[in-house]
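Ready for a few exercises? Take a look at the structure below, try each task yourself, and then read the worked solution.

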Amino acid sequence: MSRRSRRTPAPLPQRDGIGPVRVRLPQEGPWATVRDHLVERLPVAAAEVDALFAEGEVVTGDGRQVAADAPYVPGGQVWFHRRRAAEVPAPYPPVVLFRDEHLVVVDKPHFLATTPRGRHVTQTALALLRTRLELPELSPAHRLDRLTAGLVLLTVRPAERAAYQSLFSDRLVRKEYEAVAGYDPGLALPRTVRSRIVKERGVIAAQEVPGEPNAETRVELLAHRGALGRYRLLPHTGRTHQLRVHLNSLGLPILGDPVYPRLTDPAPDDFRRPLQLLARTVEFTDPVTGAERRFTSTRELTAWTAYDRWAQGVPDPA
């Protein structure tokens with residue numbers, strides 16, 4: 001039996017596609033009650049912790065409610081659902097392109113996060129689809145940035161997740177992206193860009209630094225029209241922001257990029273002028289069924305198909 005399959009089952013069901021939090025109680029500490037420990041440990045006001053107890057929201061591993069004055073039990077554990085701040089609804093829903101008993105393939109819109117993180121929790125592809133498809137164990141096989149649209153693979157069965165994740169870590173997936181950026185007639189394409197990219201925790205922008213290359217992208221020009229170019233990007237590696245960094249290094253920052261070449265600070269609910277980057281195609285041999293898989297996004301990049309509408313900040317159609 002795998003380590004993942006032995007994880008402790010949650011005593012509370014998901015809410016809006018999000019599971020409960022488990023808090024392990026340290027073996028030693030000065031707390032007289034469970035409430036005292038949670039007040040000290042959780043980054044919320046004491047009144048919010050008291051509300052969890054008052055509403056019977058804190059439970060033990062077997063689902064029994066924990067009272068606010070319950071004695072502290074060293075080595076124990078409690079479960080509860082976090083109180084979540086109101087989220088700005090995602091502008092468009094994720095579209096399911098494929099579903100079987102192993103895999104769900106989603107065509108993700110711009111501005112929708114793939115998985116819960118930071119201010120985006122329930123308004124994420126994962127949480128929305130867990131609820132819509134009634135698949136509480138749905139999990140991502142890889143990441144796709146919130147600002148990037150296109151294909152995301154989600155696994156249905158926890159025991160099979162590692163097999164699909166290994167496709168990406170072992171570079172067994174052929175990925176094709178499209179982007180819209182400026183056009184430079186003096187830039188010879190196609191070409192392969194190799195560099196060393198470093199992304200520090202807490203720093204939004206990744207940096208190219210001297211050293212052994214750890215990122216590789218083939219850049220091809222599909223078409224150009226006036227000052228605009230439409231590009232095919234074939235990443236051999238998967239560093240954070242790799243495609244955005246590499247096009248920017250060629251003097252061709254992707255249209256709508258709030259980070260490269262300079263960091264701006266758009267409001268979190270500003271859905272105008274989306275980043276013109278699309279995960280167009282994924283192709284691989286299914287590690288569970290052995291079938292040859294190829295999926296293609298149906299989305300288009302508005303700056304190429306309707307530049308004036310994109311430039312004026314008119315929202316994309318759903």
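**Exercise 1.** Which residue just after α4 takes a positive phi?

*Solution.* This is a predicted model. Follow the chain past the end of α4, and you come to R171, whose phi is positive at about 60 degrees.

**Exercise 2.** Compare the reach of helix α4 with the span expected at 1.5 Å a residue.

*Solution.* Step one: find the helix, which covers residues 158-169 and has twelve residues. Step two: go from its first C-alpha to its last, a reach of 17 Å. Step three: set this beside the expected 16 Å; the two values are close.

**Exercise 3.** Work out how the buried residues of α4 are arranged around the helix.

*Solution.* Start with the cut-off: a residue is buried if its relative accessible area is under 20%, and exposed if that area is over 50%. By this rule, P158, E160, R161, Y164, L167 and F168 of α4 are buried. Now look down the axis of α4: the buried residues lie within an arc of 130 degrees, so they line one face of the helix. On the other side of α4 you find A159 and S169, both exposed. Finally, ask what covers the buried residues: the cover includes the strands β4 (103-108), β5 (139-140), β6 (149-155), β7 (174-182) and β12 (277-285).

**Exercise 4.** Put α4 in the setting of the whole protein chain.

*Solution.* First, count the elements: the protein chain has seven helices and 13 strands. Next, consider burial: 44% of its 318 residues count as buried. Last, take contacts with a separation of 6 or more: 63% of them join residues 24 or more positions apart.

How values were computed:
Residues numbered from 1 in each chain as written. Predicted model: local features only at pLDDT ≥ 70, side-chain atom pairs only at ≥ 80, totals over all residues. Heavy atoms only, no water. Helix = DSSP H or I, 4+ residues; strand = E, 2+ residues; numbered from the N terminus. Expected span 1.5 Å × (residues − 1). Buried < 20%, exposed > 50% of the residue type's maximum accessible area, 1.4 Å probe, protein only. Arc of directions from axis to C-beta. Contact = heavy atoms within 4.5 Å.
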